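Student: Could you take me through one part of this protein slowly? I'd like a close look at a pair of charged side chains, and then at whatever else you can show me from there.

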Amino acid sequence: MKAPLCKLADIPGSGAARIDFFGREALVYKVGGQPRTVVNTCTHLGGPLELNNGQLVCAWHGARFDAASGDVVSGPRGTCAHALVVPTRVEDGVLTYVYGE
Ligand code: FES
C-alpha cells in the first residue's frame, strides 16, 4: 500500500507541519535533513504532541519521545514505548506512506 502524504517542499526546515493521515492528525518534520512522520497522539492517554528541541512533548502529562525514533525518553508511556512513527519514503518529491512493500 502506498499513499501520498505531502510535498517534501511543504515540510518546514524547523518545527513541524500538521497533515491528515487517514483521518488522524500527523506531524511531519525533519531530523538531520530526513523527513519523519508521527501520528499526533501520545501513547499514554492520547494527548497532542509538539516538536521541541529534538523531542516530541505531550502537552497533557509531559511524556517525551525521541523525534527521530519515536522512543519514549521520559514520562508516562502507556502501553507502548514508542510514538507511532509512520513508514515513509520520498517519491518524485512527495513524502509517501508505504506499508507492506
Ligand atoms: S497523554 Fe501524553 S503524557 Fe499523558
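Tutor: Start with Glu-91 and Lys-2, which form a salt bridge with their closest N and O atoms 3.0 Å apart. The term has a cut-off: a side-chain nitrogen of Lys or Arg has to be within 4 Å of a carboxyl oxygen of Asp or Glu. The general idea is that side chains of opposite charge can pair when their charged atoms come close. Before going on, keep in mind that this is a predicted model: local features need pLDDT of at least 70 and side-chain atom pairs count only at pLDDT 80 or more, while totals for chains, interfaces and linings use all residues. Residues are numbered from 1 along each chain as its sequence is written, and side-chain values use heavy atoms, with hydrogens and water left out.

Now, where do the two partners sit? Glu-91 is in strand 9 (residues 88–91) and Lys-2 is in strand 1, so their pair ties together parts that are 89 residues apart in sequence. Strands here are DSSP runs (E, at least two residues), numbered from the N terminus. Glu-91 is partly exposed, at a relative accessible area of 23%, and Lys-2 also counts as partly exposed, at 43%. For those words, buried means under 20% relative accessible area, exposed means over 50%, and partly exposed is in between (1.4 Å probe, protein chains only).

Glu-91 has another partner too: its side chain meets that of Arg-89 in a salt bridge, 2.7 Å from N to O. Arg-89 is partly exposed as well, with 35% relative accessibility. Put together, Lys-2, Arg-89 and Glu-91 are linked in a network of salt bridges.

Just along the chain, Asp-92 is in the loop between strand 9 and strand 10. With a relative accessible area of 83%, Asp-92 is exposed. Its C-alpha atom is 9.1 Å from that of Leu-8, although these two residues are 84 apart along the chain.

How many salt bridges are there by this rule? The count comes to four. One of them joins the side chains of Glu-50 and Arg-18, at 2.9 Å from N to O. Glu-50 belongs to strand 5 (residues 49–52) and Arg-18 to strand 2, so this pair ties together parts 32 residues apart in sequence. Glu-50 is partly exposed at 41%, and so is Arg-18 at 45%.

Those two strands lead us to the sheets. Strand 5 belongs to an open sheet of four strands in the order 5-6-7-8, with antiparallel pairing. Strands pair if DSSP finds at least two bridges between them. Strand 5 and strand 8 (72–74) are at the edges with a single partner strand each, so one side of each has no neighbour in the sheet. From one strand to the next, the twist averages 35 degrees; the axes are lines fitted to C-alpha atoms, and angles run from 0 to 180 degrees between N-to-C directions. Inside this sheet, strand 6 (residues 55–58) and strand 7 (residues 64–66) pair over three bridges, and Val-57 has Arg-64 in strand 7 as its bridge partner.

Strand 2 belongs to an open sheet of three strands in the order 2-3-4, again with antiparallel pairing. Strand 2 and strand 4 (34–39) stand at its edges. Strand 3 and strand 4 pair over six bridges, and Leu-27 stands opposite Val-38 in strand 4.

Last stop: the rings. Phe-22 lies in the loop between strand 2 (17–21) and strand 3 (24–31), while Tyr-97 lies in strand 10 (residues 94–98). Phe-22 and Tyr-97 form an edge-to-face aromatic pair, 5.7 Å centre to centre with 70 degrees between the planes. Rings of Phe, Tyr and Trp (its six-membered ring) pair if their centres lie within 6.5 Å; planes under 30 degrees apart count as stacked, over 60 as edge-to-face and the rest as tilted. Phe-21 and Phe-22 also pair edge-to-face, at 4.9 Å and 80 degrees. Phe-21 is buried at 13%, and Tyr-97 is buried at 11%. Phe-21, Phe-22 and Tyr-97 form one aromatic cluster.
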